[in-house]
Amino acid sequence: MRLAHLSNTLCRYRYRYGNEEQLHVAIGEVLDQAGLPFTNEYSLDVKNRADFWLDGLVIEVKVDGSLSAALRQCDRYLKLPHVTGLV
């Protein structure tokens with residue numbers, strides 16, 4: 001339920017950005033407006049850092065790189081016991 005709410009909240013907006021940092025700012029503003037508390041650059045463990053952490057839910061943002069690399073990263077995150085969902 002929380003994951004669906006988060007995903008629906010993020011999808012209500014169009015994002016204009018020139019780089020990943022600008023997209024992070026825009027997503028942070030959306031989360032703030034929706035009253036969803038989050039932590040930026042949350043350390044999941046010594047090797048993994050999530051772009052956004054929402055008490056078990058992770059938002060990972062990619063604007064460059066290969067799809068396969070992004071999927072491997074997401075797979076690592078989802079294998080961690082404290083990660084309950086990922087967007």
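Two strands are taken to pair if DSSP finds at least two bridges between them. On this criterion the predicted model contains an open sheet of 4 strands in the order S1-S2-S3-S4, with mixed pairing. Strands S1 and S4 (85-86) stand at the edges and have a single partner strand each, so one side of each is left without a neighbour in the sheet. Strands S1 and S2 run antiparallel and are joined by 4 bridges; within this pair, Tyr42 stands opposite Ala50 in S2. The two strands form a hairpin, with 5 residues between them. Strands S3 and S4, by contrast, pair in the parallel sense over 2 bridges, and the bridge partner of Val58 in S4 is Leu86.

The helices were examined next. In helix H1 (residues 2-11), the buried residues are Leu6, Thr9 and Leu10. Viewed down the axis of H1, these buried residues fall within an arc of 95 degrees, so they line one face of the helix. In general, an α-helix has 3.6 residues a turn, so residues three or four places apart point the same way. The cover over the buried residues of H1 includes helix H2 (20-33), strand S2 (49-54) and strand S3.

Helix H2 comprises 14 residues, which at 1.5 Å a residue should span 20 Å; the end C-alpha atoms are 20 Å apart, in agreement with that expectation. The N-terminal end of H2 is capped by Asn19, a side-chain oxygen of which lies 3.1 Å from the backbone nitrogen of Glu21. Beyond H2 comes Gly35, with a positive phi near 70 degrees. The buried residues of H2 are Leu23, His24, Ala26, Ile27, Gly28, Val30 and Leu31. Among the elements that cover these residues are H1, strand S1 (39-43), S2 and S3. Helix H1 is thus among the elements covering the buried residues of H2, and H2 is in turn among those covering the buried residues of H1.

One of the buried residues of H2, Leu23, also takes part in a contact with Val63. Val63 lies in the loop between strand S3 (57-59) and helix H3 (67-78). Although Val63 and Leu23 are 40 residues apart along the chain, their C-alpha atoms are separated by 8.8 Å. When neighbours within four places in sequence are left aside, the contacts of Val63 are Tyr17, Glu20 and Leu23. Val63 itself has a relative accessible area of 29%, and because the buried class requires a value under 20% and the exposed class one over 50%, Val63 is assigned as partly exposed.

A search of the whole structure for salt bridges finds 3. Side chains of opposite charge can pair when their charged atoms come close. Arg49 forms a salt bridge with Glu41, with the closest N and O atoms 2.5 Å apart. Glu41 is partly exposed, at a relative accessible area of 35%. Asp75 forms a salt bridge with Lys79, for which the closest N and O atoms are 3.1 Å apart. Within this pair, Asp75 counts as partly exposed at 38% relative accessibility, whereas Lys79 counts as exposed at 62%.

The salt bridge between Glu60 and Lys62 has its closest N and O atoms 3.3 Å apart. Glu60 is buried, with a relative accessible area of 12%, while Lys62 counts as partly exposed at 40% relative accessibility. Both residues are also in contact with Gln73, once the neighbours of Gln73 within four places in sequence are left aside. Gln73 is located in helix H3 and is buried, with a relative accessible area of 12%. The side chains of Gln73 and Lys62 are joined by a polar contact of 2.9 Å. Lys62 therefore combines a partly exposed position with a salt bridge to Glu60 and a polar contact to Gln73.

Key. Residues are numbered from 1 along each chain as its sequence is written. This is a predicted model: local features need pLDDT of at least 70, side-chain atom pairs count only at pLDDT 80 or more; totals for chains, interfaces and linings use all residues. Side-chain values use heavy atoms; hydrogens and water are left out. Buried means under 20% relative accessible area, exposed over 50%, partly exposed in between (1.4 Å probe, protein chains only). Contact means heavy atoms within 4.5 Å. The arc is that of the directions from the helix axis to the C-beta atoms. A salt bridge is a side-chain nitrogen of Lys or Arg within 4 Å of a carboxyl oxygen of Asp or Glu. The expected span of a helix is 1.5 Å times one less than its number of residues. A polar contact is a pair of N or O atoms within 3.5 Å; within protein, one must be able to donate a hydrogen and the other to accept it, and residues adjacent in sequence count only if both atoms are side-chain atoms.
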